[in-house]
Amino acid sequence: MTRGDRYTLIVISLLKKALLACPTDAAERLEILENLNTCASGAISPIALTLIAPMCDTGYRMVEAARQLDPPDENPYPQYDPDSVRPPCPGRASFDMLTSDPVFSHLRRLNPSIDEVLKLCFSRRGRDQTTQSSV
Amino acid sequence: MENPRGDESPAHNELKAPGQRSSQRGRKQRRGKPNRLSEPLPVVEGTEWGPAMKALPSDRHRAFVLALYQVPPGYGAHVKAAKMAGFGTSTSSAKSWSVIASKLAHDERILAALCEEDQKRIRASAPRAVRALQHLIEDSDHRDHARAIAMTLDRVHPVETTHNVRVDHHHRIVPTTPEVLERINRLARQAGILPDSLPPIIDVTPTKDGTK
């Protein structure tokens with residue numbers, strides 16, 4: 001399981017929390033839901049997407065605290081330069097923090113549905129079951 | 001015995017401390033008398049060194065910086081400047097001089113002092129440049145007469161340029177039609193969210209044609 005997969009799981013539960021907690025207009029809600037559905041790709045199956053529960057308040061505060069590590073003046077949409085040795089990577093600090101072993105294990109404890117998804121998508125037995133059910 | 005290097009100082013063999021053995025290979029260490037700055041740098045009242053020149057460790061370093069502006073540029077200029085500034089010893093070989101000069105020329109403190117001195121000299125030579133430009137403008141036979149006029153006019157009345165910058169701001173406007181609401185509900189169900197559990201959509205009244 002890559003750190004990117006970990007981050008995707010965190011983002012899914014965060015988006016669900018945002019959808020349930022914040023009143024939005026139709027355009028915003030549609031955009032969030034479209035983004036949420038694109039998270040189901042690669043190792044994370046559409047079934048896994050439905051299984052992940054929204055993030056709790058404690059988890060949300062953890063994410064907010066991690067995001068404070070990112071420089072405030074960071075450009076969230078940097079121009080991509082293929083020749084650059086170290087291309088800009090906005091949100092790198094919070095990404096590293098949230099996907100680190102200790103923080104991610106705390107988030108797993110706070111949101112046990114992430115554990116279920118890990119078993120389903122990232123263990124061989126779970127993957128086999130998913131494949132059979134989809135067939 | 002006459003010193004083969006022509007050194008006037010007879011001290012190069014007397015530098016060994018009593019009881020000190022000569023080097024392990026039995027070679028004699030020749031050390032000359034350290035050179036000195038020929039005369040101390042002049043102090044001009046009302047002027048002082050800039051911060052980078054002041055930060056240099058000694059007057060010899062300052063003299064090296066100043067000497068670089070005096071020696072003719074080219075091969076050996078750094079060595080000449082180092083000699084003028086009183087570095088090295090009376091027995092320094094050509095190789096030693098090149099090492100001394102190279103070390104000095106690449107010292108960060110000296111480079112900073114050179115930069116500072118460059119700026120000072122350029123600023124100080126501005127009146128002369130202006131005078132030369134005036135002569136050029138007045139000399140209508142000079143081949144660069146027109147260029148001088150153009151240069152001056154460019155600075156007095158700079159050419160105005162206009163940039164047209166087009167900024168496109170894309171804002172997604174989604175009319176809240178029943179179809180859109182249906183799509184929202186479908187996507188929510190796909191993501192495992194019950195549509196009824198979602199908070200109400202802000203300020204919306206679904207109509208057939210999408211108008212509020």
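Contact here means heavy atoms within 4.5 Å. With that cut-off, 50% of the contacts in chain B between residues at least 6 apart in sequence join residues at least 24 apart, and for chain A the matching figure is 71%. This is a predicted model, where local features need pLDDT of at least 70, side-chain atom pairs count only at pLDDT 80 or more, and totals for chains, interfaces and linings use all residues. Residues are numbered from 1 along each chain as its sequence is written, chains are lettered from A and ligands numbered from 1 in the order in which they are written, and side-chain values use heavy atoms, with hydrogens and water left out.

**The two chains**

- Chain A comes to eight helices and zero strands; helices (H or I, at least four residues) and strands (E, at least two) are DSSP runs, numbered from the N terminus.
- Chain B likewise comes to eight helices and zero strands, so its elements read α-α-α-α-α-α-α-α from the N terminus on, each α being a helix as DSSP runs define it.
- Of the 135 residues in chain A, 36% are buried, where buried means under 20% relative accessible area, exposed over 50%, and partly exposed in between (1.4 Å probe, protein chains only).
- In chain B, 25% of the 212 residues count as buried.
- Chain A exposes about 8,200 Å², with carbon and sulfur atoms supplying 54% of it; accessible areas come from the Shrake-Rupley method with a 1.4 Å probe, and for residues only the protein chains shown count as cover.
- Chain B exposes about 16,900 Å², and carbon and sulfur atoms supply 54% of that area.

**Nonpolar cores**

- A nonpolar core is a set of buried Ala, Val, Leu, Ile, Met, Phe, Trp, Tyr and Cys residues joined through side-chain atoms within 4.5 Å.
- The largest one has 38 residues, and Leu9(A) and Leu36(A) have the most contacts inside it.
- Both chains feed this core: helix 1, helix 2, helix 3 (46-51), helix 4, helix 6 and helix 7 (112-122) of chain A, plus helix 8 (178-190) of chain B, each supply at least two residues.
- Setting aside neighbours within four places in sequence, Leu36(A) touches Ile12(A), Leu15(A), Lys16(A), Leu19(A) and Leu49(A), and also Ala191(B) and Ile193(B) from the other chain.
- A second, separate core has 20 residues, including Met53(B), Leu66(B), Ile110(B) and Ala113(B).

**Pockets**

- A pocket is an open set of points on a 1 Å grid over the protein atoms alone, with protein on both sides within 12 Å along at least five of seven lines; a cavity is a set of points where a 1.4 Å probe fits but cannot get out, and lining residues have an atom within 4 Å of a point.
- Grid points are joined across faces, edges and corners, and a volume is the space filled by probe spheres set on the points.
- The largest pocket has a volume of about 970 Å³ and a lining of 28 residues, with Tyr7(A), Val11(A), Leu14(A), Leu15(A) and Arg67(A) nearest its centre.
- Helix 1 (3-21), helix 2 (26-38), helix 4 (57-67) and helix 5 (92-98) of chain A each give that lining at least two residues, and helix 1 gives the most, with eight.
- Its lining has 18 nonpolar, three polar and seven charged residues; Ala, Val, Leu, Ile, Met, Phe, Trp, Tyr, Cys and Pro count as nonpolar, Asp, Glu, Lys and Arg as charged, and the others, Gly among them, as polar.
- The second largest pocket holds about 500 Å³, and Leu41(B), Pro42(B), Trp49(B), Ala63(B) and Leu66(B) are nearest its centre among 19 lining residues.
- Helix 2 (59-68) of chain B supplies the largest share of this second lining, four residues.
- By class, the second lining splits into 11 nonpolar, three polar and five charged residues.

**The cavity**

- There is one cavity of 30 Å³ or more, with about 50 Å³ of space in it.
- Its lining includes Ile10(A), Met55(A), Leu107(A) and Asn111(A), and helix 1 and helix 6 (101-110) of chain A each supply at least two residues.
- That lining has six nonpolar, three polar and no charged residues.

**A loop in chain B**

- Ser90(B) sits in the loop between helix 3 (77-84) and helix 4 (94-105) of chain B.
- Ser90(B) counts as partly exposed because its relative accessibility is 35%.
- Ser90(B) and Arg36(B) are 54 residues apart in sequence, yet 9.8 Å apart in space, C-alpha to C-alpha.
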